[in-house]
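This report looks at how two chains meet, where the open spaces lie and which local features stand out.

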Amino acid sequence: MTTIKKPKLAVWKFASCDGCQLSLLDCEDELLTVASKIDIANFLEASRRVVKGPYDISLVEGSITTPHDQKRIRQIRKKSKYLVTIGACATAGGIQALRNFRNVDDFISIVYANPQYIETLETSTPISSHVHVDFELRGCPINKQQLIEVLSAFLFGRKPNIPPHSVCIECKRRGTVCVMVANGTPCLGPVTHAGCNAICPSYCRGCYGCYGPKETPNTTSLSTWFSEQGVKKEDIVRSFRTFNAYAEAFRKESIAHEE
Amino acid sequence: MGKNNKNTTEKVILKHDHFQTLIDLLKEREYRIVGPTLGEGAIVYDDLNTVDDLPIGWTDDQDGGVYRLKKRNDRAFFGYTVGPHSWKKFLFPSQLRLWKARRDENGFHIENDKNEIRKFAFIGVRSCDLHAISVQDTVFMHGIYSEPNYKARREHTFILAVNCGMAGGTCFCASMSTGPEATSGFDLALTEILQEKGEHYFVVETGTELGAEILLNVPHREAKKEEIHAAETIIKNTSQSMGRTMETKDIKDLLYRNYEHPRWDDVAKRCLTCANCTMVCPTCFCTTVEDVTDLTGEHAERWRKWDSCFTMDFSFIHGGSIRASAKSRYRQWMTHKLATWIDQFGTSGCVGCGRCITWCPVAIDITEETREIRKSEQTHSPNNSIKEGNNNENA
């Protein structure tokens, strides 16, 4: 009798804070099950053991910010059957994509004592700008339950249940009172992709848009409403320029309010 | 809810300090008592333990996209209108596991979920919501198939209705003929009366035998003529102070005639397709079903969750979403609610509670959208342009 070979998983890091990879280690209760079903073949944050590719599934964290990484992601794509990006950096360019709205050389000269050693790209871009991506898991950081859902779906060849609708639906399903309507707190929930189970509104805070734009986001209508409620232009720009600043809908909306 | 009994319609007076006795009696009968209470800056529906859990002395201010709690200058128990929640959260939970299954060497086994449903006592149901419950009864219980979970929850529910002592800024039940007076679908119905002298009592109407039975053990006395009159006056005043109105004449054909109308483009510019209107609507009943497996592949579950016609997945079939634009999604929702619902279920899907107006983050108003479409017909219709001001000719 032959034993079924476990699928090989690799975790890759690009420009990022490591928070999303940590979500995999955070799966405390499920981690042993993950390890029993999947061969964690390359996950430097967890183990120095590296098994050579090809890999059945690659989880990619981080954005592309250097010429070296531009090449590296292509190599990873070549040796991965499925490539899944995890988090706002890999999916939208991350907080570091704020550089895309300015001249990167200005930052380099401020930050580094010897800027001549720095080799970087003008922009921070999502993985999908460079290679084909099979699935994008949103969030800053990602939700570990959603990560397990994606891995389970992958293992059994089904579609992951990761709905792209608004955060509002999550608020309403859990019975959270709308912070915008009941408190006048500006909230990005109506234009933001679900996945966090509406954490911030459940603590009476407006949504910060960590999961990036939802499907068919009407950012113009929402920011028109913000303006009418007295939110200043620069604050509207700031609200769309966080972890998903370079995601198309948020990028366009922030530019529209820039003076 | 108990059986209707026409002989129990005599109105009685329940003093406010005996309200707790009513709650205690329901508790003794092992009801899970739910009703209005303060939570997260609004009046929500949640478990009630004592009368003090009610939002005593509070009211709400409502308008398109705005809800604010305010203090009243009295100690009214029910001095507010409907909030963000509706009773569907109890009868038709937002997330429900339909079944779970286990896989072993002998195959795949469905395991019965033994989640016992406690019978509910709903405290303070408004007339619009009684109508909404009746609409969902039609959808879930009166068709060819009935929904067993809804039925199990619904059949043993005790309903204490409250006639509205005030209308909210987004209320329009008077237009929809669904309020503000509770006329059916309750076990007991109260009208709250607060007098300047400090008298605080309820005029109680009995709707069912069960209601009469409960009332029997609560101290009460027969209502005097003037007390009944006072209650009627309150309801009349509420009816005349609705924050919104909806002209319902010919509404079905009005919308059928106007599938193509510039107003749909206009509303699409404002609509966030966030689905809040459908989530807060007490009659919206759409769900999605998610099948999940765990990492081992030994367990599977099927979950039912509230869904909305405002999502792309809702109309997704092979090849893509049928209603890809915000315009088509808003039009689908509004025409279903106000027009196709009538063909489908024999009543309007709108009960005039105003929740979709208040809880729309950008204040889209179903009464205004309808009015604008109607208005354009009146100004552009060749029939009506002859006789100016004769608005109902073109029915």
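## Pockets, interface and local geometry

The lining of the second largest pocket divides into 9 nonpolar, 6 polar and 10 charged residues. This is a predicted model. The second largest pocket holds about 620 Å³ of space. Its lining counts 25 residues. Nearest its centre lie A:K159, A:I162, A:P163, A:P164 and B:D313. Two elements give two or more residues each to this lining: β5 (135-137) of chain A and β13 of chain B. The largest share comes from β13(B), with 4 residues.

The largest pocket encloses about 760 Å³. It is lined by 30 residues. A:Q145, A:E149, A:N161, B:E290 and B:K305 are the closest to its centre. From chain A, the elements that give two or more residues to the lining are α2 (28-37), α6 (144-155) and α7 (167-174). From chain B, they are β13 and β14. By class, the lining of the largest pocket has 8 nonpolar, 13 polar and 9 charged residues.

The table sets the two pockets side by side.

| Pocket | Volume | Lining residues | Classes in the lining |
|---|---|---|---|
| Largest pocket | about 760 Å³ | 30 residues | 8 nonpolar, 13 polar, 9 charged |
| Second largest pocket | about 620 Å³ | 25 residues | 9 nonpolar, 6 polar, 10 charged |

Now the interface. Chain B brings 50 residues to the contact, and chain A brings 37 residues. Together the two chains bury about 3300 Å², with 58% of it on carbon and sulfur atoms. Three residues of chain B supply more of its buried area against chain A than any other three. They are B:E40, B:L272 and B:L295, and they supply 23% of that area.

How many salt bridges link chain B and chain A? The count is 0. Polar contacts do cross the interface, in 19 residue pairs with both residues at pLDDT 80 or more.

Several elements of chain B give two or more residues to the side that touches chain A. The strands are β3 (42-47), β5 (66-71), β6 (95-104), β13 (287-293) and β14 (299-306). The helices are α9 (262-270) and α10 (276-280). β13(B) gives the most, with 5 residues. By class, this side of chain B has 23 nonpolar, 16 polar and 11 charged residues.

Over all chains, the structure holds 35 salt bridges. One of them pairs A:E258 with A:R241, whose closest N and O atoms are 2.8 Å apart. A:E258 lies in the segment after α12 (248-256) of chain A, and A:R241 in the loop between α11 (233-240) and α12 of chain A, so this salt bridge ties together parts that are 17 residues apart in sequence. Side chains of opposite charge can pair when their charged atoms come close.

Last, the backbone. Most residues other than glycine have a negative phi, and most peptide bonds are trans. The following sites depart from those patterns:

- The peptide bond from A:C140 to A:P141 is cis, with omega near -5°. A:P141 sits in the loop between β5 and α6 of chain A.
- B:G179 and B:P180 are joined by a cis peptide bond, with omega about 5°. B:P180 belongs to the loop between α5 (173-176) and β10 (188-194) of chain B.
- A:C204 is a residue other than glycine with a positive phi, near 60°. A:C204 is in the loop between α9 (199-202) and α10 (219-228) of chain A.

Methods
Residues are numbered from 1 along each chain as its sequence is written. Chains are lettered from A and ligands numbered from 1 in the order in which they are written. This is a predicted model: local features need pLDDT of at least 70, side-chain atom pairs count only at pLDDT 80 or more; totals for chains, interfaces and linings use all residues. Side-chain values use heavy atoms; hydrogens and water are left out. Contact means heavy atoms within 4.5 Å. Buried area is the accessible area (1.4 Å probe) that two parts lose on being put together, summed over both. A salt bridge is a side-chain nitrogen of Lys or Arg within 4 Å of a carboxyl oxygen of Asp or Glu. A polar contact is a pair of N or O atoms within 3.5 Å; within protein, one must be able to donate a hydrogen and the other to accept it, and residues adjacent in sequence count only if both atoms are side-chain atoms. Ala, Val, Leu, Ile, Met, Phe, Trp, Tyr, Cys and Pro count as nonpolar, Asp, Glu, Lys and Arg as charged, and the others, Gly among them, as polar. On a 1 Å grid over the protein atoms alone, a cavity is a set of points where a 1.4 Å probe fits but cannot get out, and a pocket is an open set with protein on both sides within 12 Å along at least five of seven lines; lining residues have an atom within 4 Å of a point. Grid points are joined across faces, edges and corners, and a volume is the space filled by probe spheres set on the points.
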